[in-house]
Amino acid sequence: MPGVYGAHMGLFSIKGEVKRIGQALKHFPIFIALEGRRIVLSGGGDAALAKLRLLLKTDAHLTVFAPAPAAQIEAWAKEGRIALRRRAMEPGDALCAVLFYAADEDATEDARTVTLARADGALTNIVDNLEGSQFITPAIVDRDPVTVAIGTEGAAPVLARALKADIEALLPNELGPLAIAARGFRSLANVMPMGRVRRAFWSGFFFRAGPAALEQNPDADLHRVLADELEQHLAAAPTAGRVTFAIVASPDPELLPQKTRRVLHEADLVFHGPRIPLQVLDLARREAAFEAMPADARPLIEAARRGDHVICLVSSAPDAWLLQACLHAGLPPQIISGIAPVPHLYPLEEIA
């Protein structure tokens, strides 16, 4: 697809990929593989305890350096859950460690241990010291193996904890068993083509068949449920894609209709007019392709006939000829109205 420059500030599209200009993430969120790897922590007080309670949920090998460790740290060492060294850190103690936490609650000692750990090649974090840390630990919602990480780039930990509480209330506990079953079935599901067909299969399992099976029987054979779903999807006749026109009447993404948000989460191809703001485009699936709104209907129709779900984001009602072209191609378009902002209201002078 040809590259096009968007007319809105801070966005350009090259080969279908949306780029952001001048808005860099200071902390890039990633999930680090920790199984069998080493994490070192210096400290034996409350800060160390808080970090260790989180790190003990991983499969990493934990080593703690503390001349006077808390009783709970002593207990974990006796249980074999951590390796405890009852002394201060020395050069070479963080060799082969992927992460290091300075939790001595003493600025001078934290600076010393971080210097040693960085010399040994570990990424370092000083508890409650954003500027001195190479990485930060987000607030975490744990529905093993489903994990939601929430970060505010260290600016608002209280907000992160509040969001964590809200998300925990939204996510059901059965997410874990569903995800575990899906992980064991993923290689079998690879017989389906990538894209919409495979997404429909997994959506049907996670949001319909899987929860229904667990509701009837908490010990349901989810592998059998997945096998039945796969058989149905493989036997189903291929279906054409869809074309949706969504009117974006306001640059404020909070005024975007929920129906438009839902379609953006599903769409394979996003056509957009020059006035569509970046904040709206950011709501689309990361894997979706982006293109400028074409001059005719052929790109929309060809993509839908390939099976893609196409959404066209426009700032006003689509032209009638464009809708007619989709209808003549056997692709009746869906049209989602926009929500316009309230016009500026100027105060009126009171007249006696």
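Helix 1 lies across strand 3, strand 4 and strand 6, and runs at about 165° to strand 3. I begin with this helix in what is, I should say at once, a predicted model. Its buried residues are Ala 47, Ala 48, Leu 49, Lys 51, Leu 52 and Leu 55. The cover over the buried residues of helix 1 includes strand 3, strand 4, helix 2 and strand 6.

The sheet under discussion consists of 5 strands in the order 5-4-3-6-7; it is open, and the pairing is parallel. Strand 5, residues 83-85, and strand 7, residues 123-126, are the edge strands, each pairing on one side only. From one strand to the next, the twist averages 15°. Strand 4 and strand 5 are joined in the parallel sense over 3 bridges; in one of the pairings, Val 64 has Leu 84 in strand 5 as its bridge partner. Helix 3, residues 107-119, also packs on this sheet, where it touches strand 3, strand 6 and strand 7. The direction of helix 3 makes about 175° with that of strand 6.

Let me turn to the packing of helix 1 against helix 2. The two helices meet at an angle of about 35°, and their axes are 10 Å apart. On the side of helix 1, the contact is made by Ala 48, Leu 49, Leu 52 and Arg 53; on the side of helix 2, by Gln 72, Ile 73 and Trp 76. By character, the residues of this contact are 5 nonpolar, 1 polar and 1 charged.

Which residues have the most contacts inside the largest nonpolar core? They are Ile 39, Leu 41, Leu 62, Val 64 and Ile 73, in a core of 23 residues. The elements that contribute two or more residues to this core are strand 3 (38-42), helix 1 (46-55), strand 4 (61-65), helix 2 (71-78) and strand 6 (97-102). Helix 1 gives the largest share, 5 residues. Ile 73 may serve as an illustration. With neighbours within four places in sequence set aside, Ile 73 is in contact with Gly 43, Gly 44, Ala 48, Leu 49, Leu 52, Val 64, Ile 82 and Leu 84.

Another core, of 18 residues, lies apart from the one just described; Ala 213, Leu 214, Ala 220 and Leu 230 are among its members. Leu 230 belongs to helix 7, residues 222-235, and its relative accessibility of 10% is the reason that Leu 230 counts as buried. Again leaving aside neighbours within four places in sequence, Leu 230 is in contact with Phe 185, Leu 188, Val 191, Met 192 and Phe 201. For the pair Leu 230 and Val 191, the separation is 39 residues in sequence and 9.2 Å in space, C-alpha to C-alpha.

I come now to a second open sheet. Its 5 strands follow the order 12-11-13-10-14, with parallel pairing. Strand 12, residues 289-292, and strand 14, residues 334-336, each have a single partner strand, so one side of each is left without a neighbour in the sheet. The twist here averages 20° from one strand to the next. Strand 10, residues 242-247, pairs with strand 13, residues 309-314, in the parallel sense over 6 bridges, and Ala 246 stands opposite Leu 313 in strand 13. Helix 8, residues 258-266, packs on the sheet and touches strand 10, strand 11 (269-272), strand 13 and strand 14. The direction of helix 8 makes about 135° with that of strand 13.

An antiparallel pairing also deserves mention. Strand 8, residues 139-143, and strand 9, residues 146-150, pair in the antiparallel sense over 5 bridges. These two strands form a hairpin with 2 residues between them, and Asp 142 stands opposite Thr 147 in strand 9.

Next, the cysteines. How many disulfides does the structure hold? There are 0. The sulfur of Cys 312 has its closest cysteine sulfur in Cys 326, at 7.2 Å, which is too far for a bond. Cys 312 is buried, at a relative accessible area of 0%, whereas Cys 96 is exposed, at 73%.

I close with the chain as a whole. The chain has 11 helices and 14 strands, and 39% of its 352 residues count as buried. Among contacts between residues at least 6 apart in sequence, 60% join residues at least 24 apart.

Notes. Residues are numbered from 1 along each chain as its sequence is written. This is a predicted model: local features need pLDDT of at least 70, side-chain atom pairs count only at pLDDT 80 or more; totals for chains, interfaces and linings use all residues. Side-chain values use heavy atoms; hydrogens and water are left out. A nonpolar core is a set of buried Ala, Val, Leu, Ile, Met, Phe, Trp, Tyr and Cys residues joined through side-chain atoms within 4.5 Å. Buried means under 20% relative accessible area, exposed over 50%, partly exposed in between (1.4 Å probe, protein chains only). Helices (H or I, at least four residues) and strands (E, at least two) are DSSP runs, numbered from the N terminus. Contact means heavy atoms within 4.5 Å. Two strands pair if DSSP finds at least two bridges between them. Axes are lines fitted to C-alpha atoms, for helices over the stretch in contact, and angles run from 0 to 180 degrees between N-to-C directions. A disulfide is a pair of cysteine sulfur atoms within 2.5 Å. Ala, Val, Leu, Ile, Met, Phe, Trp, Tyr, Cys and Pro count as nonpolar, Asp, Glu, Lys and Arg as charged, and the others, Gly among them, as polar.
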